[in-house]
Amino acid sequence: MSDSPRTPASTDKPDNARASWILHATDKHVSTLTLNRPEALNAITPDQRERLIRHLAEASADPEVRAVVLTGTGRGFCAGADLRGGPPAGERIPGDVARTLRLGAQRLIAAVLDCEKPVVAAVNGTAAGLGVHLALACDLVLAAESARFIEVFVRRGLVPDGGGAYLLPRLIGPRRAKELMFFGDALTAADAERLGLVNRVVPDGELDRTARAWAARLAAGPTRALALTKQLVNASLDSDRATAFAAEAAAQEINMTTADAREGVASFVERREARFRGR
């Protein structure tokens, strides 16, 4: 089962070639993860998925990483899941599909949502199927003018996966979400911004610079406070008021033990810019 808008290239490559399918670099406290299979519009293989999950977990645990940027090379951000390298199709045993999704696409989306550092999606081109949901799971979404967002599943007779039916209604409401998922029409970057799916649309040539600028601002911020804020916001639509208020109080209690919180208060009293160190 694949949600790619076209037949992707085969994933039968040696290990050293597959390693280059995810480019990873950390600079000035920003970890940049780049999907690098432009010939397949960056359709995600199982190996790429596992590498992304691992890099996101490492970013959470590394105090030197304070923000993450997720982007792609070429004309595509991510064309969805590429399962051509998986086992040959055969008779399905009940539970196989659910298990594949639970251990695959859903784990990837959860890794983005649960990353303790803010994640910025820089959508450089086509985002389709799982690729749309990968972008929408990020905390902030920048889109190049040429970007397109396609809920392609209905075109293949498939049910959306990768948390799409969870993410979309929370971002744009159930009626708009159904429209996108029922028809599978391509959504321009400008329309995605109008609906609230992306934060900002920028000219193609300015996407990388804008993403780096946003990530730099996040990396200079109070990292633990941002992590706790992310947790509160992500949980808010699944919580009743009492639960949300209790979570807010607990987050405040935890955050007030951090050096950045003390620095923030001190900088206010001393009438100077805060110098946060991510701790």
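## Two cysteines without a bond

Cysteine 138 is buried, with a relative accessible area of 6%. The model described here is predicted. Cysteine 115 is buried as well, and its relative accessible area is 2%.

Why does cysteine 138 form no bond with cysteine 115? The cysteine sulfur closest to that of cysteine 138 belongs to cysteine 115, and it is 9.3 Å away, which is too far for a bond. Seen from the other side, the sulfur of cysteine 115 has cysteine 138 as its closest cysteine partner, at 9.3 Å. A disulfide requires the two sulfur atoms to be within 2.5 Å. Across the whole structure, the search finds zero disulfides.

## Strand 7 and its partners

Strand 7 comprises residues 140–144, and four of its five residues are buried, so the strand is largely enclosed by the rest of the structure. Strand 5 (residues 119–123) runs parallel to strand 7 and is joined to it by four bridges. Within this pairing, valine 120 has leucine 140 of strand 7 as its bridge partner.

Strand 7 also pairs with strand 10 (residues 200–202), again in the parallel sense, over three bridges. Here alanine 143 stands opposite valine 201 of strand 10.

## Nonpolar cores

In soluble globular proteins, nonpolar side chains tend to be buried together. The largest nonpolar core of this model has 47 residues, and the members that touch the most others are Val123, Leu134, Phe149 and Leu197. A second core, separate from the largest, has 14 residues, including Val69, Val120, Ala122 and Leu142.

Valine 123 can be examined individually. When residues up to four places away in sequence are not counted, valine 123 touches Phe77, Ala135, Val141, Leu142, Ala143, Ala144, Ala147, Phe149 and Leu207.

## Helix 6 and its buried side

Which residues of helix 6 (residues 164–172) are buried? They are Gly164, Leu167, Leu168 and Ile172. These residues lie on the same side of helix 6 because they cover an arc of only 90° around the axis. An α-helix has 3.6 residues a turn, so residues three or four places apart point the same way.

The buried residues of helix 6 pack against four helices: helix 4 (105–114), helix 5 (130–136), helix 7 (174–183) and helix 8 (189–195). After helix 6 comes glycine 173, which has a positive phi near 90°.

## Threonine 210 in helix 9

Threonine 210 belongs to helix 9 (residues 207–219) and is buried, with a relative accessible area of 9%. The side chain of threonine 210 reaches the backbone oxygen of glutamate 206 at 2.8 Å. Not counting residues up to four places away in sequence, threonine 210 touches Leu142 and Val202.

## The loop between strand 2 and helix 2

Arginine 37 is located in the loop between strand 2 (30–35) and helix 2. Is arginine 37 buried or exposed? Arginine 37 counts as buried, because its relative accessibility is 0%. Its side chain makes a polar contact of 3.1 Å with the side chain of aspartate 82.

Leucine 41 is found in the loop between strand 2 and helix 2. Leucine 41 is buried, with a relative accessible area of 7%. Most residues other than glycine have a negative phi. Leucine 41, however, has a positive phi near 50°.

## Histidine 29 and glutamate 64

Histidine 29 also has a positive phi, of about 70°, although it is not a glycine. The loop that holds histidine 29 lies between strand 1 (22–27) and strand 2. Histidine 29 is partly exposed, with a relative accessible area of 31%.

Glutamate 64 is in contact with His29 and Arg279, leaving aside its neighbours within four places in sequence. Glutamate 64 is located in the loop between helix 2 (46–61) and strand 3 (67–72), and is partly exposed, with a relative accessible area of 41%. The side chains of glutamate 64 and arginine 279 are joined by a polar contact of 3.2 Å. Glutamate 64 and arginine 277 are 213 residues apart along the chain, while their C-alpha atoms are separated by 9.5 Å.

Technical notes
Residues are numbered from 1 along each chain as its sequence is written. This is a predicted model: local features need pLDDT of at least 70, side-chain atom pairs count only at pLDDT 80 or more; totals for chains, interfaces and linings use all residues. Side-chain values use heavy atoms; hydrogens and water are left out. Helices (H or I, at least four residues) and strands (E, at least two) are DSSP runs, numbered from the N terminus. Buried means under 20% relative accessible area, exposed over 50%, partly exposed in between (1.4 Å probe, protein chains only). Contact means heavy atoms within 4.5 Å. A polar contact is a pair of N or O atoms within 3.5 Å; within protein, one must be able to donate a hydrogen and the other to accept it, and residues adjacent in sequence count only if both atoms are side-chain atoms. The arc is that of the directions from the helix axis to the C-beta atoms. A nonpolar core is a set of buried Ala, Val, Leu, Ile, Met, Phe, Trp, Tyr and Cys residues joined through side-chain atoms within 4.5 Å. Two strands pair if DSSP finds at least two bridges between them.
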